[in-house]
Amino acid sequence: MRMEAATLPGSPERPNEDWVAAALPALGAGGTVVVLDGVTPPAGEDGCVHGVPWFTARLGGALTELSASRRDLKLAGILSLAIRRTADAHRNTCDLSHVRTPQATVAMARWDEEVVEHLVLSDAALLLAAPDGSVRAVLDDRLDRVPAETRRSLAATDRLRNVEGGFFTAAADPSVAARAVTGTSPRRAVRAVAALSDGATRWVELFGAGDWSDLCAVLDREGPHGLLRRVRALETADRTAGGTHRWKVHDDATAAYAVLSEGPVRLRGA
């Protein structure tokens, strides 16, 4: 089993709001990987004295510990418990009812000898690579369904945040865990797992440099650091060329890659 992770801040002037962690049980029969992407709030009040990096560290730490130690709970139950634990840590100092209370997107996976579990909430991504080289992308597309003109309005976006008919993130309400995209796969059908923040998925979703299979091929050959270097190169070239993505040249970008079984695999080039 091989596990690698990398993260890059979007700007040296701002703290990285992503979180990544991986854990291997002592017996070596399974593991867990967690990637969070903190939601950067617009300038103004969000009701919290701590900030997004504090929140993602708390939530990410809870998810990592609980997913490794509570084998009796499904991933949705673990997310619910982790959100509750994190909310309790600042309930007495912060207004958790504020629509922009610190929140994050989530991509996580856990596996043992028999199954691979997955969970995705909001615009993070999880990729399940099979031994034959095919790749299944687990995505939560609810944010993508919100019209672009609506997302350009902060007030309109806030009205759709964590409500039915809108999109969901991990914030202060444990019940949001039931809205996550979840599932299981036989362990024998999964050769590798990749968890990505949307800063890393830009390689596919924003710049169209390849598809999900191509991205997994990059991870297999160059690792998470190689993928993030490619993303930064595309962002810089786009800015230099006066491209349409200049509104946010760089984003926090995080990738974790776990190879569950080494062996022959047919991966396409990228």
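**Figure 1. Surroundings of N16 in the loop between strand 1 and strand 2**. In this predicted model, N16 is in contact with T7, L8, P9, P53 and D252, leaving aside its neighbours within four places in sequence. The loop that holds N16 runs between strand 1 (2–8) and strand 2 (18–23). N16 has a relative accessible area of 22% and is therefore classed as partly exposed. A further residue for orientation is T56, which lies 40 residues from N16 along the chain. The C-alpha atoms of N16 and T56 are separated by 10.0 Å.

**Figure 2. D251 and its contacts in the loop between helix 6 and strand 10**. Helix 6 covers residues 212–240 and strand 10 covers residues 253–259, with D251 in the loop between them. The relative accessible area of D251 is 10%, so this residue counts as buried. Leaving aside neighbours within four places in sequence, D251 is in contact with L8, P9 and G10. The contacts of D251 also include D198, G199 and R202, as well as R232 and E235.

**Figure 3. Helix 5 and its buried residues**. Helix 5 spans residues 198–205 and is mostly covered, as six of its eight residues are buried. The buried residues of helix 5 are G199, A200, T201, R202, W203 and V204. Of these, G199 and R202 are also among the residues in contact with D251, the loop residue of the preceding view.

**Figure 4. Packing of helix 1 against helix 2**. Helix 1 comprises residues 52–69 and helix 2 comprises residues 75–90. The two helices pack at an angle of about 140°, and their axes are 9 Å apart. Helix 1 is therefore oblique to helix 2. The crossing in which helix 1 passes helix 2 is right-handed. On the side of helix 1, the residues that meet helix 2 are W54, F55, R58, L59, A62, L63, E65, L66 and S67. Their counterparts in helix 2 are I78, L79, L81, A82, I83, R85, T86, A89 and H90. Sorted by class, this contact consists of twelve nonpolar, three polar and three charged residues.

**Figure 5. E117 in strand 5**. E117 has 8% relative accessibility and so counts as buried. Apart from neighbours within four places in sequence, E117 is in contact with K74, L75, M108, A109, R110, G183 and T184. One of these, L75, belongs to helix 2, which covers residues 75–90. S185 is 68 residues from E117 along the chain, yet the C-alpha atoms of E117 and S185 are separated by 6.5 Å.

**Figure 6. Two residues with positive phi, S122 and N162**. S122 is not a glycine, but its phi is positive, at about 70°. This residue is placed in the loop between strand 5 (115–121) and strand 6 (125–129). With a relative accessible area of 4%, S122 is buried. N162, likewise not a glycine, has a positive phi of about 60°. The loop in which N162 is found joins helix 4 (154–160) and strand 8 (181–186). In contrast to the buried S122, N162 counts as partly exposed because its relative accessibility is 26%.

**Figure 7. A178 in the loop between helix 4 and strand 8**. A178 has a relative accessible area of 71% and is therefore exposed. The loop of A178 is the one between helix 4 and strand 8, where N162 is also placed. A178 and A189 are eleven residues apart in sequence. From C-alpha to C-alpha, A178 and A189 lie 26 Å apart in space.

**Figure 8. The protein chain as the setting of the close-up views.** The protein chain contains six helices and ten strands. Its C-alpha atoms fill a box of roughly 55 × 50 × 35 Å, taken along the principal axes. For 270 residues, a compact globule would have a radius of gyration near 18 Å, so the 18 Å of the protein chain agrees with that expectation. Buried residues account for 50% of the 270 residues. Among contacts between residues at least 6 apart in sequence, 71% join residues at least 24 apart.

Key: Residues are numbered from 1 along each chain as its sequence is written. This is a predicted model: local features need pLDDT of at least 70, side-chain atom pairs count only at pLDDT 80 or more; totals for chains, interfaces and linings use all residues. Side-chain values use heavy atoms; hydrogens and water are left out. Axes are lines fitted to C-alpha atoms, for helices over the stretch in contact, and angles run from 0 to 180 degrees between N-to-C directions. Helices (H or I, at least four residues) and strands (E, at least two) are DSSP runs, numbered from the N terminus. Angles under 35 degrees count as roughly parallel, over 145 as roughly antiparallel, 65 to 115 as roughly perpendicular and the rest as oblique. A crossing is left-handed if the near helix is turned anticlockwise from the far one by less than a right angle, and right-handed if clockwise. Contact means heavy atoms within 4.5 Å. Ala, Val, Leu, Ile, Met, Phe, Trp, Tyr, Cys and Pro count as nonpolar, Asp, Glu, Lys and Arg as charged, and the others, Gly among them, as polar. The radius of gyration is taken over C-alpha atoms; the globule rule is 2.2 Å times the number of residues to the power 0.38. Buried means under 20% relative accessible area, exposed over 50%, partly exposed in between (1.4 Å probe, protein chains only).
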